Amino acid sequence: MRMKTLLACTGLLLSQLASASEPLPQRWVSAGGAFTEWVVALGGESKLVGVDSTSQYPRSLQKLPGVGYQRALAAEGILTLKPDILLGSNEMGPPPVIEQLKAAGVRIEMLSATADMPTLQHNLNQLGQLLGKPAEAQHLMDSYSQRLKNQANLVSQAQQHNAAPRALLLLSHSGGNLQVAGKDTLAAWMIQQAGGNSLVEHLGYKPVSNEALLALDPQVIIFAGGRLQGDEARAALLTQNPVLGQTSAGRDGRIVVIDPTLLVGGLGPRVPDALADLTKAFYPDSQVLTAEAKQ
Amino acid sequence: MTAIVRPRPMLLTLALLLVLIVWLSLALGPVSLPLRETLLAGLRLLGLSIDGDNTQQAELILGQIRLPRTLLGIAVGAVLALSGVAMQGLFRNPLADPGLVGVSGGAALGAAIAIVGGSMLGGMAPAIEPYVLSACAFSGGLIVTAVVYRFGRSNGQTNVATMLLAGVALTAMAGAGVGLFTYLADDATLRTLTFWNLGSLNGASYQRLWPLLIVTVGVALWLPRRAAALNAMLLGESEARHLGFDIERIKLELVLCTALGVGAAVAAAGLIGFIGLVVPHLMRLLVGPDHRVLLPASLLAGAGLLLLADLIARLLLAPAELPIGIVTALIGAPFFLFLLVRGRS
């Protein structure tokens, strides 16, 4: 007990000392998909020595040692990577492992994965400091909020002429049952930001029956499924769930395929692109958007 | 069933094997420490002050990560195996497992309530989360077992067959409860729940270790005192009663030991299947059905097997690690089959 306190104190002292003289952490372990993407976007990919199982993008990360799932980390395993810093969301755990890593002198950086702009601003600031690139981080942040602002303008202009389409995000892994993204998910936030009308009232991702899907009758289906992309994924979705062909979206062929890794761990750098794609799919006839595309 | 080997040399062998495995569990891990450093760090942890090399890192890994983990493994393995013996003795059936009286199902339900309910109420402080989880799992196991035991009681007697069926029914009900919470769970809690159901010795710490150690020592001291009664029960309940044993009391003690032991083990390390069912069975094949030998043999083998499984779990995919429940089944089941086939021929 006393031993542990002593070690914890030493660890704390070490990290204090470290922040006082500010040598930047050089060996990073990142446990959180979106955070990892930001580190890469800030040019820190070469500093990453390990990532968790939610860090699937960019694909080049898969060469790095995996430290498992962010809530089931192993202290000793992570120590073999000799990290200076462990980056992750506040869901990272289990807590005793985090304590052990702290005691071993690893800096723990827990950031919030909440999907809103102030959180993103804070996270990017922090990452910019830690990577020694505060100006780049601010630049990324500014262009990110600018893009979201433009996006919001486009949507409001498009909505003057067209009604917001009823949209549903379906998630399915390896042919398993379809799950529908509910209100509190990043998926719902994206649908709303892209100008869609999210149809469901439940929370989280829940399986929904075929009949309920028919009754909801979405005009656009956004499909996040496994490894298949584009037309292949679309075809697979319709073959496995013929009932979707009876919905408006199925009849009109308005099925958008997105990468499921987008939906993990808060706002990542790829979100504006995805939003732009979604808006295009939501308002295919809008003059504003076609004009925008021509520019 | 006759014993394949004589009991005393067998117990000695098992004890030596356990010591070897404990040593391996302390000396091996994803971080490779030189033997010299491990030894030095070990001696320093024992309070000897030896000057010379800087072993701070080794001391930390040995003292704060591997030692609590090893102790947890010993306690969990031992108590699960002992509870298995108690249950197989109580039900007079080598296929009985500690889950039969509902303790695992109840603990799983308790854990699901803690994990999913906690996050639905807006999340608990991370510092108390593990304790709440342990407490809920432990009390869930105890409550369900108490209900099962109550169903088995009538006219001042405990009907073991009724208890078994009540155990099946309540486990199914607890399963339904877990299913409901699984449905209500969001993505993150769902994964936590899944991992918890596969068990892990990861994140062992001294604070969470001591309740389990106390229970384990208690069970390990208590059950062998009932070895003679368990032997008599092999003949049948009325025979044991005629031999002068207070059968009702023994049954209560066996159920209590199992509920406390498995409850505490599950609370500390999640659901780890297989050990409680197969270790007593294996040991019966090796040392025979005499509980005076079977109990200590199961204790040693349970601890050893679990530590071995944990060693594989943390080394195989390093720096990540595998849930231990997968490994216990993967190494234990083929060995069990091998013994069955050999016993038959």
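Reader: What share of the contacts in chain A with a separation of 6 or more comes from residues 24 or more positions apart?

Author: In this predicted model, residues 24 or more positions apart account for 61% of those contacts in chain A. A pair counts as a contact when the C-beta atoms, placed from the backbone, lie within 7 Å. For chain B, 77% of the contacts between residues at least 6 apart in sequence join residues at least 24 apart.

Reader: What makes up the secondary structure of each chain, and how much of each is buried?

Author: Chain A has twelve helices and ten strands, and buried residues make up 43% of its 295 residues. Chain B has 14 helices and two strands, with 52% of its 345 residues counted as buried. The cut-off for burial is 20 or more other C-beta atoms within 10 Å.

Reader: How is chain A divided into domains, and what do the two sides give to the contact?

Author: Domain 1 of chain A covers 2-137 and domain 2 covers 162-294. Domain 1 puts 15 residues into the contact, and domain 2 puts in ten residues. On the domain 1 side, helix α2 (residues 33-41) of chain A supplies the largest share, six residues. By class, that side of domain 1 has eight nonpolar residues, six polar and one charged.

Reader: How many residues does each chain give to the contact between chain A and chain B?

Author: Chain B gives 28 residues and chain A gives 31 residues. On the chain B side, the elements with two or more residues are α3 (56-90), α5 (129-152) and α7 (187-198). The chain B side divides into 14 nonpolar, eight polar and six charged residues. As for confidence, the model scores ipTM 0.74 and pTM 0.80, while the mean pLDDT of chain B is 88, with 95% of its residues at 70 or more.

Reader: How do you know whether the radius of gyration of chain B agrees or disagrees with that of a compact globule?

Author: A compact globule of 345 residues would have a radius of gyration near 20 Å, and chain B has 21 Å, so the value agrees. The C-alpha trace of chain B spans about 65 × 55 × 40 Å along its principal axes.

Reader: Why is helix α12 of chain B called largely enclosed by the rest of the structure?

Author: Eleven of the 13 residues of α12(B) are buried, and the helix is called largely enclosed because of that count. Among the buried residues are B:Ile275, B:Leu277, B:Val279, B:His281, B:Met283 and B:Arg284. The buried set also includes B:Val287.

Reader: What span is expected for α12(B), and what does the model give?

Author: Helix α12 of chain B (residues 275-287) has 13 residues, and the expected span at 1.5 Å a residue is 18 Å. From the first C-alpha to the last, the helix reaches 17 Å, close to that expectation. B:Gly288 follows α12(B) and has a positive phi, near 90°.

Reader: Why is B:Phe274 called buried and A:Lys82 called partly exposed?

Author: B:Phe274 has 23 other C-beta atoms within 10 Å, and therefore counts as buried, the cut-off being 20 or more. A:Lys82 has 14 C-beta neighbours inside 10 Å. Exposed requires 12 or fewer, so a count of 14 falls in between and A:Lys82 is partly exposed.

Reader: What is the phi of each of these two residues, and where do they lie?

Author: Neither residue is glycine, and phi is positive in each: near 80° for B:Phe274 and near 45° for A:Lys82. B:Phe274 lies in the loop between α11 (247-269) and α12 of chain B. A:Lys82 lies in the loop between α3 and β3 of chain A.

Reader: What is the omega of the peptide bond that joins A:Tyr57 and A:Pro58, and of the bond that joins A:Gly93 and A:Pro94?

Author: The bond between A:Tyr57 and A:Pro58 is cis, with omega about -10°. The bond between A:Gly93 and A:Pro94 is cis as well, with omega about 0°. A:Pro58 sits in the loop between β2 (48-51) and α3 (75-79) of chain A, and A:Pro94 in the loop between β3 (85-89) and α4 (95-103) of chain A.

Reader: Why does B:Glu248 have the class it has, and which residues is it in contact with?

Author: B:Glu248 has 14 other C-beta atoms within 10 Å and is therefore partly exposed. This residue is in helix α11 of chain B. Leaving aside neighbours within four places in sequence, B:Glu248 is in contact with B:Gln157 and B:Thr158. B:Ile128 is 120 residues from B:Glu248 in sequence and 39 Å away in space, C-alpha to C-alpha.

How values were computed
Residues are numbered from 1 along each chain as its sequence is written. Chains are lettered from A and ligands numbered from 1 in the order in which they are written. This is a predicted model: local features need pLDDT of at least 70, side-chain atom pairs count only at pLDDT 80 or more; totals for chains, interfaces and linings use all residues. pLDDT is the predictor's confidence in each residue, from 0 to 100. Domain bounds come from an automatic or database domain assignment. Helices (H or I, at least four residues) and strands (E, at least two) are DSSP runs, numbered from the N terminus. Ala, Val, Leu, Ile, Met, Phe, Trp, Tyr, Cys and Pro count as nonpolar, Asp, Glu, Lys and Arg as charged, and the others, Gly among them, as polar. The radius of gyration is taken over C-alpha atoms; the globule rule is 2.2 Å times the number of residues to the power 0.38. The expected span of a helix is 1.5 Å times one less than its number of residues.
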